[in-house]
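Biologist: I would like to learn how to read the empty spaces and the unusual backbone angles in a protein model. Could we go through them slowly together?

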Amino acid sequence: MLRWSRIRMVHNYAKTKVDEQLSITRKPCPDYKPGKNLLSYPMERCKTVKGIPFYGKRYDPYMKPPTSNRRYRKPEPRPEIKTDYAEDDMHEMLGKYRFEISGYFPSDEFGFTAAPFEKEIWKVADDLYLKGWIRVREKFAQGELGGDVNALSYFRKWVEQQHNTSGVIHTSHFFDDNYGITKLPAPVLKCIKDMRPYRKKRLHAGKKLIRKDVSEKLWKIVEEAVREQDRAEKLYSEERAIKDKFVQDLAKVTVMNEKLEKLCKALQEENKKVREEAKMISEGVEEKQENMQRTITEVMGDFKKECADMETERKKTEEENVMLRQKLKGFLEDVTEQRNETETKQRVMGELLEQYKNTHQEQSEAIKKLCGERDSLMSCVKKQREEIEEYSAKLDEMGGIFGRSTEALKKLKSEVDQLKRDRGQLEQKLRKETSQRESLENL
């Protein structure tokens, strides 16, 4: 746990002592200095070379570190700067700039570093009476030149348009332009040579060659790796496309299977409903047939009974007629004998005739009623026969529907089996592709 404490710091100076009271704070004061976080910038420090700090200054051979035991010198008086240049004396205006050139400048036949390009650029600058310094190496050239404005523009044009004959210039950059000055950056044109000894140059060249060979080998390895990676990515993309295609085909097959399953279920349900309806219809038809048969048998039994009764009555009437005939014969025979009794017998015979007529009329009416009932029963029988024929036709149609449904189910089963076989083949292909992809990824 952080504990509060007071620390006493004493600064000893030549004449006085300063006593400061310091304390440890838990949080930094945001008003004075913001606290560090992940987005805070690193500390900025100047570059030091052998203990000498370089505060972002560029290379300048004339700027040397100060020596010890310096003697005070008065500052030089400020020169008067001319600002009213005209077209006649514009060429007298002095100026300066710095330049940096990147490229490849090979050494000469004796092994001096970038000697041909160094001679060429030094000759161009010297012919233009420019003053300053030039530093040329194998892959760059830099310097600071001063002179009249026309010479500076000519030198800049010569570099930018690449009129050199030795070496290759890739890029050029001119900066820190300053015109209308009174003093040039240097009294003479100086060429800064490579002052490394032969041993160091050879060591550096060997290291460079080693780095170059290693870099070339590494670059070849990287190129091969990139090619292999491109091939693997291409193969992976192709396999991915094939897999996506197989997945789409599988999805289509699964969708078709689902649709076929749904259709099969719907057909099964419809078949069940049709079978139930057919059973209900067949049961209703059988019940109606049984009822019709019962009614027909009952009607036929009643009709037979009535016919038997009619026959018995008819036989009775015939027997009575025979008896009456015999009596009439005997009566006619006895008429001659009994004329006196004719009137009574005629009355009796009239009464008997009247009774016979009444009975005959009643019998004829009963026969007509029985005939009408028979006709109604025959019409009912005809209607029941027509209904039975209609039910038989419906049963035949239901049998055709059942045959068609069974044929459709057989076709659907064959299609489902074919889809299952295709699905198995696609799964085998997918397994092969996944194994090939895993082997490629392992490579």
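**Reading a pocket and two loops**

Modeller: Let us begin with the pocket, keeping in mind that this is a predicted model. Helix H3 (residues 198-337) gives the largest share of the lining of the largest pocket, with 10 residues.

Biologist: How is empty space found at all, and how much space lies in the largest pocket?

Modeller: In general, rolling a probe the size of a water molecule over the atoms shows where empty space is left. Here, the largest pocket holds about 870 Å³ of space, and its lining is made up of 29 residues, with Thr113, Glu138, Arg196, Ala205 and Lys208 lying nearest its centre.

Biologist: What kinds of residues form the lining of the largest pocket, and why does the pocket lie between domain 1 and domain 2?

Modeller: The lining comprises 13 charged, 12 nonpolar and four polar residues. Because domain 1 (91-195) and domain 2 (196-293) both give residues to this lining, the largest pocket lies between them.

Biologist: Now for the backbone: which residues other than glycine have a positive phi, among them one near 60 degrees?

Modeller: Tyr129 is one of them, with phi near 60 degrees, and Tyr129 sits in the loop that joins helix H1 (115-127) to strand E6 (131-136). Gln162 also has a positive phi, near 55 degrees, and its place is the loop between helix H2 (149-160) and strand E8 (168-181).

Biologist: Is Tyr129 buried or exposed?

Modeller: Tyr129 has a relative accessible area of 65%, so it is exposed, whereas Gln162, at 40%, counts as partly exposed.

How values were computed: Residues numbered from 1 in each chain as written. Predicted model: local features only at pLDDT ≥ 70, side-chain atom pairs only at ≥ 80, totals over all residues. Heavy atoms only, no water. 1 Å grid on protein atoms, 1.4 Å probe; cavity = no way out; pocket = protein on both sides within 12 Å on 5 of 7 lines; lining within 4 Å. Points joined across faces, edges and corners; volume = space filled by probe spheres on them. Helix = DSSP H or I, 4+ residues; strand = E, 2+ residues; numbered from the N terminus. Nonpolar A, V, L, I, M, F, W, Y, C, P; charged D, E, K, R; others polar. Domains from an automatic or database assignment. Buried < 20%, exposed > 50% of the residue type's maximum accessible area, 1.4 Å probe, protein only.
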